[in-house]
Amino acid sequence: MSQDHQRICLIHYHEIGLKGHNRARFEMRLLKNVESLLVGYPVVTIHRISGRLCVFLKEGTDLDTAVRASEVILRVPGVARVSCGFKCIRDLEVMGQVAIEALAEAGDFSSFKVQARRNHTDFETTSMDMNRIIGAVLCERFPEKQVKMKAPDVQVGVEVVQNAVYVYARSVRGVGGLPVGSSGKVVTLLSSGIDSPVATWRIARRGAICIAVHFSGRPQASDASEYLVDDIARVLERSGCIARTYIVPFGDHQREISLKVPPALRIIMYRRLMFRVAQEIARREGAGALVTGESLGQVASQTLANIRCTDAVVDLPVFRPLIGSDKQEIIADAEALGTFDISSQDVSDCCTLFMPRNPETQGDLAVVEEAESALPIEQWVCSIADSAEVHDYACPSYKRPRGSIAADQQGQ
């Protein structure tokens, strides 16, 4: 049967379906993202059909390949669910036989139901009648299985469109959200720790293209954190969620700050300079916001007073997707994302460099600004941004800005 009918991966979405006149733009953005990430799989084409995207696989594609393709799709922001099944002709007998094949590939189950949908009335059999007819065929083929109308183990979908029928039973929930590239571009402060990769993922899931900036303790500390950040970026790259990482050697400037400002204010000063550099990179990239992995009250730099002191130096909005999350929630997300084991490795980075014994937790903006006046901040910002090392990743919706640092480096 699988050799006689074309395999498909049917992509369901939710939030995109609530859009108005610009819904087609979101659908096409999702289509392009999925298409790019499925390079290397036997895909014939991807079409929009009746509120879905349908990935058509080459004839003869086996189940394992179809499942692996669906697993790639499941990670893509904007995808609510992926169903593996078949395309067949609009004939009830054929539809029943294909439903048997689809249900047989659904894995272990004890109960099922049929959910048929007729999108075009030129097919005479109604949705309710299809439920009964195909359900009877499945009951005969699987007599030991129970028909259960509420919360069945498996739902057999039968969707009749204008010129074909799509039948599926193997269906897995995706990550939801909006397709990357539909909500603009942001610059995210990405460390090798647990929190910031999750924050980056969450904002990408809202449709933003993420440009990461990593502040390395080099040359005052080792460059080990840079390799971990690259590993993290490779995980995010699997779903097209990160476009570029700027690696910023920051250790010498931290040392200068530690020599010229009161010890208690060092962390605030580091953060203020980081925010300024990130905003400068955002300006060059054409990004509209900054993103951090801060959670309110988690560490000294993340109190309300200190957040106010750091936000005061930038004009762009600062998004904090984790601000109300506790550590266990963030760890659970990191484990699901696949970055937790990477971030759990013990390496030195700029966050632990020249740390004071008793950092200020309730920074006073006027006091901070007075202490900062002894530093050549404006001169530092441009030189630090200019010294950043750029690493690009596969992000289907990203367009590199003209005159970017990466272009300059490639031309050397």
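1. A good place to start is Cys84, a buried residue with a relative accessible area of 8%. Here buried means under 20% relative accessible area, exposed means over 50%, and partly exposed lies in between, with a 1.4 Å probe and protein chains only. The closest cysteine sulfur to that of Cys84 belongs to Cys9, at 4.1 Å, which is too far for a bond. A disulfide is a covalent bond between the sulfur atoms of two cysteines. The cut-off used here is a pair of cysteine sulfur atoms within 2.5 Å, and the structure holds zero disulfides. Another cysteine, Cys382, counts as partly exposed at 38% relative accessibility.

2. Before going on, a word on what you are looking at. This is a predicted model, in which local features need pLDDT of at least 70 and side-chain atom pairs count only at pLDDT 80 or more, while totals for chains, interfaces and linings use all residues. Residues are numbered from 1 along each chain as its sequence is written, and side-chain values use heavy atoms, with hydrogens and water left out.

3. Now the overall picture. The protein has 14 helices and 14 strands; helices (H or I, at least four residues) and strands (E, at least two) are DSSP runs, numbered from the N terminus. Along the principal axes, its C-alpha atoms fill a box of roughly 80 × 45 × 40 Å. Of the 412 residues in the protein, 54% are buried. Among contacts with a separation of 6 or more, 79% join residues 24 or more positions apart, where contact means heavy atoms within 4.5 Å.

4. Helix α5 deserves a look. Nine of the 10 residues of α5 are buried, so this helix is mostly covered. The buried ones are Asp195, Ser196, Pro197, Val198, Ala199, Thr200, Trp201, Ile203 and Ala204.

5. What does α5 (residues 195–204) meet? The axis of α5 comes within 9 Å of the axis of α10 (residues 327–337), and the two cross at roughly 70°. Axes are lines fitted to C-alpha atoms, for helices over the stretch in contact, and angles run from 0 to 180 degrees between N-to-C directions. The two helices are therefore roughly perpendicular to each other; angles under 35 degrees count as roughly parallel, over 145 as roughly antiparallel, 65 to 115 as roughly perpendicular and the rest as oblique. On the α5 side the contact is made by Asp195, Pro197, Val198, Trp201 and Arg202, and on the α10 side by Lys327, Ile330, Asp333, Ala334 and Leu337. That gives six nonpolar, no polar and four charged residues. In this scheme Ala, Val, Leu, Ile, Met, Phe, Trp, Tyr, Cys and Pro count as nonpolar, Asp, Glu, Lys and Arg as charged, and the others, Gly among them, as polar.

6. A second helix pair is α8 (residues 266–285) with α12 (residues 365–372), whose axes come within 11 Å and cross at roughly 75°. This makes α8 roughly perpendicular to α12. Ile268, Met269, Arg272 and Arg276 of α8 meet Leu365, Val368, Glu369, Ala371 and Glu372 of α12. By class, five of these residues are nonpolar, none polar and four charged.

7. An unreviewed UniProt entry places a "binding site" feature at Leu189, Leu190, His214, Phe215, Arg271, Gly293 and Gln302. UniProt positions are given in the numbering used here, feature names are shortened, and annotations may be inferred rather than shown by experiment. Phe215 is found in strand β10 (residues 209–216) and is buried, with a relative accessible area of 4%. Gly293 sits in the loop between β12 (290–291) and α9 (304–311) and is also buried, at 10%. Leaving out residues up to four places away in sequence, Gly293 touches Asp195, Ser196, Ala199 and Leu322.

8. The unreviewed UniProt entry also has the annotation "domain: THUMP" for residues 67–171. The span is 34% helix and 30% strand, and its end C-alpha atoms lie 10 Å apart.

9. Finally, two backbone details to check. Most residues other than glycine have a negative phi, and most peptide bonds are trans. Ala151, however, has a positive phi of about 50° although it is not a glycine. Ala151 lies in the loop between β6 and β7 (154–160) and is exposed, with a relative accessible area of 64%. A cis peptide bond, with omega about 5°, joins Arg218 and Pro219, and Pro219 lies in the loop between β10 and α6 (224–237).
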